[in-house]
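Hi everyone, thanks for making time this morning. I'd like to walk you through one model, so please have a look at the sequence and the structure as they come up.

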Amino acid sequence: MASITRDELYELVWSKPATEVAKSFSTSTTTLREICKALNVPQPDRGYWAKKQWGKPVTQIPLPENRPGFPIGYTPADEKHWSRPHYTYAPRTVESAIPIADPKFPSSMKEHQLLQYAREVLSNCARTDDWGYFRNRN
């Protein structure tokens, strides 16, 4: 299995059954499912391919937006080396460092003071170098 991006994996998973996709990458369907979960790629529900084969209506789940700090690609371990497979990430930006609202809590709940302060400080930051450090603009 060569390196693959979220978009490529999404197209493959929705064009062929998981068993065929996993076989083409010489991996198991369980591993494929774990990769899809890590890359936030939705997979067809059980019975999707049977319904499609018999002409029943099926719906394809759209690829969600990539979340900041989450992987955008997958590279498997090399057969010759004892290394783990790894995920590739999008470059960090100031916007990705700002904490986002947690969907578990209703907006009516008051946000903690530390989170308010962190959001204020990080919104006034700029990237200073190639190593990803941020400094306050004030």
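**A threonine, a sheet and a helix**

Let me start with T75, which is buried, with a relative accessible area of 19%. The cut-off for buried is under 20%, so T75 meets it. Please keep in mind throughout that this is a predicted model.

Where does T75 sit? Its place is in strand 2. Its side chain also has a partner: a polar contact of 3.0 Å joins it to the side chain of S3. And across from T75, in strand 3, stands H86.

That brings us to the sheet. It is an open one, formed by 3 strands in the order 1-2-3, with antiparallel pairing. Strand 1, residues 4-5, and strand 3 are at the edges with a single partner strand each, so each has one side left without a neighbour in the sheet. Between strand 2 and strand 3, the antiparallel pairing runs over 4 bridges.

Let's stay with strand 3 for a moment, because T88 has its place there too, and T88 is partly exposed, with a relative accessible area of 32%. Which residues does T88 touch, if we leave out those up to four places away in sequence? They are P71, I72, G73, Y74 and T75, so our buried threonine, at 19% relative accessible area, turns up again. For G73 we also have a distance: T88 and G73 are 15 residues apart in sequence, yet 4.9 Å apart in space, C-alpha to C-alpha.

Now over to helix 3, residues 29-38. Which of its residues are buried? The answer is L32, I35 and C36. Looking down the helix axis, you would find these buried residues within an arc of 100°, so they line one face of helix 3. The spacing is one you may remember from textbooks: an α-helix has 3.6 residues a turn, so residues three or four places apart point the same way. On the other side of helix 3, E34 and K37 are exposed.

What covers that buried face? The cover includes helix 1 (6-15) and helix 2 (18-24), along with strand 2 (71-75) and strand 3 (86-89). So two strands of our sheet come back here, as part of what covers the buried residues of helix 3. Just after helix 3 comes N40, with a positive phi, near 60°.

Some of these names return in the largest nonpolar core, which has 15 residues. Those that touch the most other members are L9, L32, C36, L39 and V41. Helix 1, helix 2 and helix 3 are the elements that give two or more residues to this core, and helix 1 gives the most, with 4 residues. Take L9 as an example: not counting residues up to four places away in sequence, L9 touches I4, L32, I35, C36, L39 and V41.

Finally, let's step back to the whole chain. Its secondary structure comes to 6 helices and 5 strands, and along the sequence they follow the pattern β-α-α-α-α-β-β-α-α-β-β. Of the 138 residues, 17% are buried. Among contacts with a separation of 6 or more, 49% are between residues 24 or more positions apart. The accessible surface of the chain is about 10900 Å², and 55% of that belongs to carbon and sulfur atoms.

That's my tour, and I'm happy to take questions.

Conventions: Residues are numbered from 1 along each chain as its sequence is written. This is a predicted model: local features need pLDDT of at least 70, side-chain atom pairs count only at pLDDT 80 or more; totals for chains, interfaces and linings use all residues. Side-chain values use heavy atoms; hydrogens and water are left out. Buried means under 20% relative accessible area, exposed over 50%, partly exposed in between (1.4 Å probe, protein chains only). The arc is that of the directions from the helix axis to the C-beta atoms. Contact means heavy atoms within 4.5 Å. Two strands pair if DSSP finds at least two bridges between them. A nonpolar core is a set of buried Ala, Val, Leu, Ile, Met, Phe, Trp, Tyr and Cys residues joined through side-chain atoms within 4.5 Å. Accessible areas come from the Shrake-Rupley method with a 1.4 Å probe; for residues, only the protein chains shown count as cover. A polar contact is a pair of N or O atoms within 3.5 Å; within protein, one must be able to donate a hydrogen and the other to accept it, and residues adjacent in sequence count only if both atoms are side-chain atoms.
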